[in-house]
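This report looks at a surface patch, a helix and some annotated spans, in that order.

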Amino acid sequence: MSTTTTPLLRHNRWLPSSIKLKTTLFSELSGAVGDLGTYIPIVLALSLVNNLNLTTTLIFTSLYNIATGLLFGLPMPVQPMKSIAAVAISASPPLTIAQISAAGLSVAAVLLVLGATGLMSVLYRYLPLPVVRGVQLSQGLSFAFSAVKYIRYDQDLAKSKSGPPRPWFALDGVAVALTAVLFLVLTTGAGDDPPPPQQQQEDENENRVRVRRRLRVLSTIPAALIVFLFGLVLCFVRDPSIFGDLKFGPSKISLVKITWEDFKVGFVSAAIPQIPLSVLNSVIAVCKLSGDLFPEREASAMHVSVSVGLMNFVGCWFGAMPCCHGAGGLAGQYRFGGRSGASVVFLGIAKLVLALVFGNSLGRILGEFPIGILGVLLLFAGIELAMAARDMNTKQESFVMLVCAAVSLTGSSAALGFFVGIVLYLLLKLRELECGAFPFGFCSSKTTKSSQEEEHASLIA
(Lines give C-alpha, C1' and ligand atoms only; values in the text may rest on other atoms or scores of the structure.)
Protein backbone atom coordinates (compact mmCIF):
# COMPACT_ATOMS: atom_id res chain seq x y z
CA MET A 1 0.00 0.00 0.00
CA SER A 2 1.01 3.62 -0.25
CA THR A 3 3.58 4.89 2.19
CA THR A 4 1.91 8.27 2.44
CA THR A 5 0.68 8.71 6.00
CA THR A 6 -1.96 10.75 7.73
CA PRO A 7 -0.11 13.44 9.70
CA LEU A 8 -2.78 13.80 12.40
CA LEU A 9 -2.53 10.16 13.42
CA ARG A 10 1.13 9.71 12.66
CA HIS A 11 2.68 12.61 14.57
CA ASN A 12 0.23 13.10 17.43
CA ARG A 13 2.42 12.63 20.52
CA TRP A 14 -0.56 11.53 22.64
CA LEU A 15 -1.16 8.43 20.49
CA PRO A 16 0.57 5.15 21.42
CA SER A 17 3.17 4.19 18.82
CA SER A 18 1.29 0.92 18.19
CA ILE A 19 -1.61 2.70 16.47
CA LYS A 20 0.27 5.46 14.66
CA LEU A 21 -0.45 4.91 11.00
CA LYS A 22 2.16 3.24 8.81
CA THR A 23 0.15 4.03 5.68
CA THR A 24 -2.92 6.07 4.74
CA LEU A 25 -6.03 6.25 6.90
CA PHE A 26 -8.16 4.76 4.11
CA SER A 27 -5.74 1.86 3.70
CA GLU A 28 -5.99 1.02 7.41
CA LEU A 29 -9.80 1.25 7.24
CA SER A 30 -9.81 -1.05 4.22
CA GLY A 31 -7.56 -3.53 6.01
CA ALA A 32 -9.93 -3.50 9.00
CA VAL A 33 -12.58 -5.46 7.05
CA GLY A 34 -10.08 -7.93 5.60
CA ASP A 35 -10.98 -10.80 7.94
CA LEU A 36 -14.77 -10.40 7.97
CA GLY A 37 -15.09 -13.15 5.36
CA THR A 38 -14.55 -15.68 8.16
CA TYR A 39 -15.93 -13.69 11.10
CA ILE A 40 -19.44 -12.93 9.83
CA PRO A 41 -20.49 -16.41 8.56
CA ILE A 42 -19.41 -18.15 11.78
CA VAL A 43 -20.97 -15.56 14.09
CA LEU A 44 -24.19 -15.63 12.08
CA ALA A 45 -24.35 -19.44 12.10
CA LEU A 46 -23.77 -19.61 15.87
CA SER A 47 -26.48 -17.01 16.46
CA LEU A 48 -28.98 -18.95 14.31
CA VAL A 49 -28.22 -22.46 15.59
CA ASN A 50 -26.88 -21.98 19.12
CA ASN A 51 -28.61 -18.72 20.11
CA LEU A 52 -25.32 -16.86 20.47
CA ASN A 53 -25.87 -13.40 21.96
CA LEU A 54 -24.66 -10.98 19.27
CA THR A 55 -24.42 -8.06 21.66
CA THR A 56 -22.15 -9.97 24.03
CA THR A 57 -19.92 -11.31 21.25
CA LEU A 58 -19.61 -7.96 19.45
CA ILE A 59 -18.80 -6.05 22.64
CA PHE A 60 -16.16 -8.50 23.83
CA THR A 61 -14.57 -9.00 20.41
CA SER A 62 -14.48 -5.23 19.98
CA LEU A 63 -12.57 -4.92 23.25
CA TYR A 64 -10.25 -7.72 22.15
CA ASN A 65 -9.62 -5.88 18.86
CA ILE A 66 -8.79 -2.62 20.59
CA ALA A 67 -6.54 -4.32 23.17
CA THR A 68 -4.59 -6.38 20.62
CA GLY A 69 -4.15 -3.37 18.34
CA LEU A 70 -2.68 -1.37 21.19
CA LEU A 71 -0.51 -4.19 22.56
CA PHE A 72 0.90 -5.74 19.39
CA GLY A 73 1.01 -2.73 17.05
CA LEU A 74 -0.02 -5.07 14.21
CA PRO A 75 -3.31 -5.77 12.41
CA MET A 76 -3.62 -8.78 14.74
CA PRO A 77 -7.06 -10.32 14.05
CA VAL A 78 -9.65 -11.63 16.49
CA GLN A 79 -11.46 -14.58 14.94
CA PRO A 80 -13.80 -17.36 16.05
CA MET A 81 -12.31 -20.68 17.14
CA LYS A 82 -13.35 -22.52 14.00
CA SER A 83 -13.22 -26.09 15.26
CA ILE A 84 -15.35 -25.28 18.32
CA ALA A 85 -17.83 -23.44 16.08
CA ALA A 86 -18.02 -26.35 13.62
CA VAL A 87 -18.68 -28.89 16.39
CA ALA A 88 -21.19 -26.61 18.13
CA ILE A 89 -23.21 -26.17 14.94
CA SER A 90 -23.05 -29.73 13.62
CA ALA A 91 -23.58 -31.64 16.90
CA SER A 92 -26.94 -33.29 17.48
CA PRO A 93 -28.35 -31.65 19.48
CA PRO A 94 -26.30 -28.46 18.95
CA LEU A 95 -24.02 -27.48 21.83
CA THR A 96 -25.45 -25.03 24.34
CA ILE A 97 -23.82 -21.67 25.03
CA ALA A 98 -22.58 -23.05 28.38
CA GLN A 99 -20.89 -25.97 26.62
CA ILE A 100 -19.36 -23.69 23.97
CA SER A 101 -18.06 -21.40 26.72
CA ALA A 102 -16.65 -24.39 28.62
CA ALA A 103 -14.79 -25.49 25.48
CA GLY A 104 -13.37 -21.98 25.03
CA LEU A 105 -12.24 -21.85 28.66
CA SER A 106 -10.54 -25.25 28.31
CA VAL A 107 -8.56 -24.14 25.25
CA ALA A 108 -7.74 -20.85 26.97
CA ALA A 109 -6.32 -22.69 29.99
CA VAL A 110 -4.02 -24.80 27.80
CA LEU A 111 -2.73 -21.83 25.81
CA LEU A 112 -2.28 -19.73 28.94
CA VAL A 113 -0.16 -22.45 30.57
CA LEU A 114 1.90 -23.00 27.40
CA GLY A 115 2.50 -19.27 27.05
CA ALA A 116 3.17 -18.42 30.70
CA THR A 117 5.64 -21.29 31.17
CA GLY A 118 7.58 -20.48 27.99
CA LEU A 119 6.80 -23.85 26.40
CA MET A 120 5.09 -22.16 23.47
CA SER A 121 8.24 -20.13 22.75
CA VAL A 122 10.34 -23.31 22.80
CA LEU A 123 7.90 -25.01 20.43
CA TYR A 124 7.93 -22.00 18.11
CA ARG A 125 11.72 -21.79 18.10
CA TYR A 126 12.37 -25.43 17.19
CA LEU A 127 9.51 -26.28 14.85
CA PRO A 128 10.81 -26.90 11.29
CA LEU A 129 9.85 -24.06 8.96
CA PRO A 130 8.61 -26.38 6.14
CA VAL A 131 6.06 -27.90 8.54
CA VAL A 132 4.81 -24.45 9.60
CA ARG A 133 4.57 -23.44 5.94
CA GLY A 134 2.58 -26.61 5.25
CA VAL A 135 0.06 -25.66 7.94
CA GLN A 136 -0.18 -22.13 6.52
CA LEU A 137 -0.59 -23.42 2.96
CA SER A 138 -3.34 -25.84 3.97
CA GLN A 139 -5.23 -23.18 5.94
CA GLY A 140 -4.92 -20.68 3.11
CA LEU A 141 -6.14 -23.13 0.48
CA SER A 142 -8.95 -24.27 2.78
CA PHE A 143 -10.13 -20.66 3.04
CA ALA A 144 -9.85 -20.26 -0.74
CA PHE A 145 -11.86 -23.45 -1.40
CA SER A 146 -14.59 -22.27 1.00
CA ALA A 147 -14.57 -18.86 -0.67
CA VAL A 148 -15.16 -20.36 -4.11
CA LYS A 149 -18.11 -22.32 -2.68
CA TYR A 150 -19.51 -19.11 -1.18
CA ILE A 151 -19.29 -17.45 -4.59
CA ARG A 152 -20.68 -20.30 -6.70
CA TYR A 153 -23.34 -21.88 -4.47
CA ASP A 154 -26.10 -20.84 -2.10
CA GLN A 155 -25.08 -21.46 1.52
CA ASP A 156 -27.08 -22.82 4.43
CA LEU A 157 -24.92 -21.42 7.22
CA ALA A 158 -27.05 -23.01 9.92
CA LYS A 159 -26.20 -26.47 8.53
CA SER A 160 -22.76 -25.60 7.10
CA LYS A 161 -23.83 -26.98 3.72
CA SER A 162 -23.77 -25.73 0.15
CA GLY A 163 -27.01 -25.57 -1.82
CA PRO A 164 -27.78 -25.23 -5.53
CA PRO A 165 -25.67 -22.99 -7.79
CA ARG A 166 -26.24 -19.26 -7.45
CA PRO A 167 -27.99 -17.45 -10.28
CA TRP A 168 -25.67 -15.33 -12.36
CA PHE A 169 -27.73 -12.18 -12.29
CA ALA A 170 -29.15 -11.45 -8.85
CA LEU A 171 -28.37 -9.18 -5.92
CA ASP A 172 -26.26 -12.00 -4.47
CA GLY A 173 -25.42 -13.57 -7.82
CA VAL A 174 -22.17 -14.79 -9.33
CA ALA A 175 -21.88 -11.68 -11.52
CA VAL A 176 -21.88 -9.39 -8.46
CA ALA A 177 -19.12 -11.45 -6.80
CA LEU A 178 -17.02 -11.57 -9.96
CA THR A 179 -17.37 -7.80 -10.35
CA ALA A 180 -16.03 -7.42 -6.81
CA VAL A 181 -13.11 -9.74 -7.66
CA LEU A 182 -12.33 -7.70 -10.77
CA PHE A 183 -12.44 -4.45 -8.80
CA LEU A 184 -10.11 -5.80 -6.10
CA VAL A 185 -7.62 -7.16 -8.63
CA LEU A 186 -7.51 -3.90 -10.56
CA THR A 187 -7.06 -1.78 -7.43
CA THR A 188 -4.81 -4.01 -5.28
CA GLY A 189 -3.15 -6.24 -7.86
CA ALA A 190 -1.41 -9.26 -6.35
CA GLY A 191 -1.02 -7.49 -3.02
CA ASP A 192 2.45 -6.05 -3.63
CA ASP A 193 3.34 -2.63 -2.27
CA PRO A 194 3.44 0.00 -5.04
CA PRO A 195 6.80 1.48 -6.04
CA PRO A 196 7.81 4.48 -3.89
CA PRO A 197 7.71 7.93 -5.46
CA GLN A 198 10.99 8.71 -7.22
CA GLN A 199 12.37 11.50 -9.30
CA GLN A 200 12.24 10.67 -12.97
CA GLN A 201 15.63 9.68 -14.39
CA GLU A 202 16.73 11.25 -17.65
CA ASP A 203 16.79 7.93 -19.48
CA GLU A 204 13.62 6.54 -17.86
CA ASN A 205 10.76 5.60 -20.13
CA GLU A 206 7.81 7.99 -19.86
CA ASN A 207 5.36 5.09 -19.99
CA ARG A 208 7.01 3.49 -16.96
CA VAL A 209 6.66 6.73 -15.02
CA ARG A 210 2.96 6.89 -15.83
CA VAL A 211 2.47 3.24 -14.79
CA ARG A 212 4.21 3.83 -11.46
CA ARG A 213 2.09 6.92 -10.84
CA ARG A 214 -1.11 5.02 -11.67
CA LEU A 215 -0.19 2.19 -9.29
CA ARG A 216 0.39 4.66 -6.48
CA VAL A 217 -3.02 6.23 -7.09
CA LEU A 218 -4.75 2.83 -7.15
CA SER A 219 -3.06 1.87 -3.88
CA THR A 220 -4.80 4.76 -2.10
CA ILE A 221 -8.27 3.35 -2.88
CA PRO A 222 -9.78 1.52 0.14
CA ALA A 223 -10.88 -1.35 -2.09
CA ALA A 224 -12.00 -3.88 0.54
CA LEU A 225 -13.88 -1.22 2.48
CA ILE A 226 -15.75 -0.17 -0.68
CA VAL A 227 -16.66 -3.80 -1.45
CA PHE A 228 -17.88 -4.35 2.12
CA LEU A 229 -19.97 -1.16 2.14
CA PHE A 230 -21.43 -2.17 -1.22
CA GLY A 231 -22.48 -5.48 0.34
CA LEU A 232 -24.00 -3.60 3.26
CA VAL A 233 -26.11 -1.51 0.86
CA LEU A 234 -27.26 -4.69 -0.89
CA CYS A 235 -28.56 -6.00 2.46
CA PHE A 236 -31.23 -3.28 2.58
CA VAL A 237 -31.94 -3.46 -1.15
CA ARG A 238 -32.58 -7.22 -0.91
CA ASP A 239 -34.94 -6.87 2.05
CA PRO A 240 -36.16 -3.32 2.86
CA SER A 241 -38.15 -4.70 5.81
CA ILE A 242 -34.84 -4.74 7.74
CA PHE A 243 -35.41 -1.08 8.53
CA GLY A 244 -38.56 -1.92 10.48
CA ASP A 245 -36.96 -4.84 12.34
CA LEU A 246 -34.03 -2.88 13.74
CA LYS A 247 -34.26 -2.13 17.45
CA PHE A 248 -32.05 0.38 19.15
CA GLY A 249 -30.07 -0.39 22.26
CA PRO A 250 -27.88 -3.30 23.37
CA SER A 251 -29.25 -6.60 24.59
CA LYS A 252 -28.72 -7.72 28.16
CA ILE A 253 -25.32 -9.19 29.08
CA SER A 254 -25.24 -11.76 31.88
CA LEU A 255 -23.00 -14.42 33.36
CA VAL A 256 -23.34 -17.93 31.95
CA LYS A 257 -23.83 -20.74 34.45
CA ILE A 258 -21.38 -23.50 33.51
CA THR A 259 -21.67 -26.91 35.19
CA TRP A 260 -19.10 -29.71 35.38
CA GLU A 261 -21.21 -31.61 32.85
CA ASP A 262 -20.86 -28.65 30.47
CA PHE A 263 -17.08 -28.75 30.93
CA LYS A 264 -17.05 -32.48 30.26
CA VAL A 265 -19.08 -32.20 27.05
CA GLY A 266 -17.34 -29.04 25.88
CA PHE A 267 -13.83 -30.35 26.50
CA VAL A 268 -14.28 -33.78 24.95
CA SER A 269 -16.34 -32.81 21.91
CA ALA A 270 -15.04 -29.33 21.04
CA ALA A 271 -11.88 -28.36 22.96
CA ILE A 272 -9.78 -31.44 22.11
CA PRO A 273 -9.98 -30.90 18.30
CA GLN A 274 -9.52 -27.14 18.77
CA ILE A 275 -6.33 -27.22 20.89
CA PRO A 276 -3.90 -28.37 18.15
CA LEU A 277 -5.50 -25.98 15.66
CA SER A 278 -5.10 -23.07 18.10
CA VAL A 279 -1.48 -23.94 18.86
CA LEU A 280 -0.56 -24.29 15.18
CA ASN A 281 -2.68 -21.66 13.40
CA SER A 282 -3.53 -19.18 16.15
CA VAL A 283 -0.03 -18.96 17.63
CA ILE A 284 2.75 -20.62 15.63
CA ALA A 285 1.53 -19.75 12.12
CA VAL A 286 0.37 -16.24 13.02
CA CYS A 287 3.72 -15.41 14.67
CA LYS A 288 5.66 -16.76 11.71
CA LEU A 289 3.46 -14.78 9.31
CA SER A 290 3.89 -11.61 11.36
CA GLY A 291 7.66 -12.03 11.00
CA ASP A 292 7.28 -12.46 7.24
CA LEU A 293 5.07 -9.40 6.82
CA PHE A 294 6.65 -7.20 9.52
CA PRO A 295 10.26 -8.38 10.04
CA GLU A 296 10.97 -5.62 12.55
CA ARG A 297 7.77 -6.29 14.55
CA GLU A 298 7.45 -10.08 14.76
CA ALA A 299 4.90 -11.11 17.38
CA SER A 300 6.09 -13.18 20.35
CA ALA A 301 4.68 -16.71 20.59
CA MET A 302 4.48 -16.33 24.36
CA HIS A 303 2.55 -13.06 24.14
CA VAL A 304 0.12 -14.33 21.49
CA SER A 305 -0.55 -17.54 23.44
CA VAL A 306 -1.18 -15.63 26.68
CA SER A 307 -3.34 -13.12 24.79
CA VAL A 308 -5.66 -15.86 23.49
CA GLY A 309 -5.89 -17.37 26.98
CA LEU A 310 -6.73 -14.08 28.70
CA MET A 311 -9.30 -13.04 26.08
CA ASN A 312 -11.33 -16.19 26.55
CA PHE A 313 -10.96 -16.28 30.33
CA VAL A 314 -12.79 -12.95 30.35
CA GLY A 315 -15.41 -13.26 27.60
CA CYS A 316 -16.44 -16.91 27.82
CA TRP A 317 -17.91 -16.46 31.31
CA PHE A 318 -20.42 -14.07 29.71
CA GLY A 319 -21.25 -16.29 26.74
CA ALA A 320 -19.05 -14.52 24.17
CA MET A 321 -17.89 -16.61 21.24
CA PRO A 322 -14.50 -18.30 21.89
CA CYS A 323 -11.87 -16.37 19.94
CA CYS A 324 -8.27 -16.62 18.85
CA HIS A 325 -5.73 -14.88 16.61
CA GLY A 326 -5.68 -16.47 13.15
CA ALA A 327 -3.02 -16.38 10.44
CA GLY A 328 -5.77 -16.08 7.81
CA GLY A 329 -7.17 -12.95 9.43
CA LEU A 330 -3.72 -11.35 9.62
CA ALA A 331 -3.12 -12.19 5.96
CA GLY A 332 -6.49 -10.71 4.96
CA GLN A 333 -6.02 -7.47 6.87
CA TYR A 334 -2.50 -7.05 5.50
CA ARG A 335 -3.68 -7.88 1.97
CA PHE A 336 -6.16 -5.01 2.00
CA GLY A 337 -3.98 -2.36 3.63
CA GLY A 338 -3.62 -2.97 7.37
CA ARG A 339 -0.09 -2.09 8.48
CA SER A 340 -0.48 -1.07 12.15
CA GLY A 341 -2.59 -1.69 15.22
CA ALA A 342 -4.85 1.16 14.12
CA SER A 343 -6.53 -1.16 11.62
CA VAL A 344 -7.99 -3.50 14.24
CA VAL A 345 -8.65 -0.62 16.65
CA PHE A 346 -10.92 0.94 14.01
CA LEU A 347 -12.64 -2.42 13.56
CA GLY A 348 -13.11 -2.74 17.33
CA ILE A 349 -14.65 0.72 17.59
CA ALA A 350 -17.06 -0.09 14.74
CA LYS A 351 -18.13 -3.36 16.42
CA LEU A 352 -18.66 -1.61 19.75
CA VAL A 353 -20.81 1.12 18.20
CA LEU A 354 -22.93 -1.42 16.29
CA ALA A 355 -23.41 -3.57 19.40
CA LEU A 356 -24.48 -0.62 21.54
CA VAL A 357 -26.78 0.88 18.89
CA PHE A 358 -28.46 -2.17 17.34
CA GLY A 359 -27.81 -5.05 19.76
CA ASN A 360 -29.08 -8.46 18.64
CA SER A 361 -31.20 -6.94 15.88
CA LEU A 362 -27.94 -6.58 13.94
CA GLY A 363 -28.49 -10.24 13.08
CA ARG A 364 -31.18 -9.16 10.59
CA ILE A 365 -28.58 -7.19 8.66
CA LEU A 366 -25.97 -9.94 8.78
CA GLY A 367 -28.57 -12.48 7.66
CA GLU A 368 -29.10 -10.57 4.40
CA PHE A 369 -25.43 -9.76 3.73
CA PRO A 370 -24.44 -11.23 0.33
CA ILE A 371 -22.48 -14.40 1.03
CA GLY A 372 -20.81 -14.06 -2.35
CA ILE A 373 -19.23 -10.76 -1.25
CA LEU A 374 -17.94 -12.42 1.93
CA GLY A 375 -16.55 -15.18 -0.28
CA VAL A 376 -14.59 -12.64 -2.29
CA LEU A 377 -12.96 -11.17 0.85
CA LEU A 378 -12.22 -14.68 2.13
CA LEU A 379 -10.69 -15.70 -1.21
CA PHE A 380 -8.10 -12.91 -1.16
CA ALA A 381 -7.30 -13.56 2.52
CA GLY A 382 -6.78 -17.28 1.86
CA ILE A 383 -4.52 -16.72 -1.14
CA GLU A 384 -2.43 -14.19 0.80
CA LEU A 385 -1.93 -16.73 3.60
CA ALA A 386 -1.05 -19.53 1.17
CA MET A 387 1.53 -17.32 -0.58
CA ALA A 388 3.57 -17.22 2.65
CA ALA A 389 4.77 -20.68 1.59
CA ARG A 390 6.61 -19.33 -1.45
CA ASP A 391 9.94 -19.06 0.39
CA MET A 392 10.75 -22.78 0.35
CA ASN A 393 14.15 -22.79 -1.38
CA THR A 394 14.95 -26.49 -1.75
CA LYS A 395 13.13 -29.48 -3.13
CA GLN A 396 13.31 -31.20 0.26
CA GLU A 397 11.64 -28.25 2.04
CA SER A 398 8.93 -28.08 -0.63
CA PHE A 399 8.37 -31.83 -0.35
CA VAL A 400 7.76 -31.67 3.41
CA MET A 401 5.56 -28.60 3.08
CA LEU A 402 3.37 -30.06 0.31
CA VAL A 403 2.90 -33.43 2.05
CA CYS A 404 1.95 -31.64 5.28
CA ALA A 405 -0.53 -29.44 3.40
CA ALA A 406 -2.01 -32.36 1.44
CA VAL A 407 -2.61 -34.46 4.56
CA SER A 408 -4.09 -31.46 6.40
CA LEU A 409 -6.51 -30.73 3.58
CA THR A 410 -7.49 -34.37 2.90
CA GLY A 411 -7.94 -35.26 6.54
CA SER A 412 -9.44 -31.86 7.46
CA SER A 413 -7.03 -31.81 10.39
CA ALA A 414 -4.08 -29.48 10.81
CA ALA A 415 -2.89 -31.66 13.70
CA LEU A 416 -2.70 -34.76 11.48
CA GLY A 417 -0.85 -32.86 8.76
CA PHE A 418 1.51 -31.41 11.36
CA PHE A 419 2.30 -34.86 12.78
CA VAL A 420 2.96 -36.34 9.33
CA GLY A 421 5.11 -33.32 8.42
CA ILE A 422 7.24 -33.68 11.57
CA VAL A 423 7.77 -37.43 10.99
CA LEU A 424 8.68 -36.85 7.33
CA TYR A 425 11.09 -34.04 8.24
CA LEU A 426 12.85 -36.22 10.83
CA LEU A 427 13.11 -39.16 8.40
CA LEU A 428 14.74 -36.95 5.79
CA LYS A 429 17.21 -35.60 8.35
CA LEU A 430 17.91 -39.13 9.60
CA ARG A 431 18.72 -40.15 6.04
CA GLU A 432 21.44 -37.48 5.87
CA LEU A 433 23.18 -38.39 9.14
CA GLU A 434 26.81 -39.55 9.04
CA CYS A 435 27.24 -43.28 9.46
CA GLY A 436 29.14 -42.79 12.70
CA ALA A 437 26.09 -41.17 14.25
CA PHE A 438 24.18 -44.47 14.19
CA PRO A 439 24.53 -46.81 17.18
CA PHE A 440 25.52 -50.47 17.00
CA GLY A 441 27.49 -50.07 13.77
CA PHE A 442 24.38 -49.45 11.68
CA CYS A 443 26.47 -48.48 8.66
CA SER A 444 29.40 -50.83 9.28
CA SER A 445 28.33 -53.23 6.54
CA LYS A 446 27.79 -50.43 4.04
CA THR A 447 31.40 -49.78 3.10
CA THR A 448 31.74 -47.36 0.21
CA LYS A 449 33.47 -48.25 -3.02
CA SER A 450 36.33 -45.83 -2.40
CA SER A 451 37.08 -47.30 1.06
CA GLN A 452 37.12 -50.80 -0.46
CA GLU A 453 39.64 -49.68 -3.06
CA GLU A 454 41.84 -48.10 -0.38
CA GLU A 455 41.77 -51.30 1.70
CA HIS A 456 42.65 -53.41 -1.36
CA ALA A 457 45.62 -51.14 -2.22
CA SER A 458 46.99 -51.33 1.33
CA LEU A 459 46.88 -55.16 1.23
CA ILE A 460 48.82 -55.24 -2.04
CA ALA A 461 51.43 -52.87 -0.60
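## A nonpolar surface patch

In this predicted model, Phe 248, Ile 349, Val 353, Leu 356 and Val 357 together make a nonpolar patch of about 470 Å² on the surface. One of these residues, Val 357, belongs to helix H16, which covers residues 342-358. Val 357 has a relative accessible area of 31% and therefore counts as partly exposed, since that class lies between the 20% limit for buried residues and the 50% limit for exposed ones.

## Helix H3

Helix H3 is formed by residues 36-49, and its 14 residues should span 20 Å at 1.5 Å a residue, which agrees with the 20 Å that separate its end C-alpha atoms. H3 is also mostly covered, with 12 of the 14 residues buried; among them are Leu 36, Gly 37, Thr 38 and Tyr 39, as well as Ile 40, Pro 41 and Ile 42. Just after H3, the backbone at Asn 51 adopts a positive phi of about 60°.

## Annotated transmembrane regions

An unreviewed UniProt entry lists "transmembrane region" for several spans, including residues 54-74, 95-124, 217-237 and 344-363. In the model, residues 95-124 are 87% helix and 0% strand, and the end C-alpha atoms of this span lie 33 Å apart. Residues 344-363 are 85% helix, again with 0% strand, and here the end C-alpha atoms are 22 Å apart. The UniProt list also includes residues 369-387 and 399-428, and such annotations may be inferred rather than shown by experiment.

Definitions and conventions:
Residues are numbered from 1 along each chain as its sequence is written. This is a predicted model: local features need pLDDT of at least 70, side-chain atom pairs count only at pLDDT 80 or more; totals for chains, interfaces and linings use all residues. Side-chain values use heavy atoms; hydrogens and water are left out. Helices (H or I, at least four residues) and strands (E, at least two) are DSSP runs, numbered from the N terminus. The expected span of a helix is 1.5 Å times one less than its number of residues. Buried means under 20% relative accessible area, exposed over 50%, partly exposed in between (1.4 Å probe, protein chains only). Patches are made of residues with over 30% relative accessible area and no salt bridge: like charges are joined within 9 Å, nonpolar side chains (Val, Leu, Ile, Met, Phe, Trp, Tyr) within 5 Å. Accessible areas come from the Shrake-Rupley method with a 1.4 Å probe; for residues, only the protein chains shown count as cover. A salt bridge is a side-chain nitrogen of Lys or Arg within 4 Å of a carboxyl oxygen of Asp or Glu.
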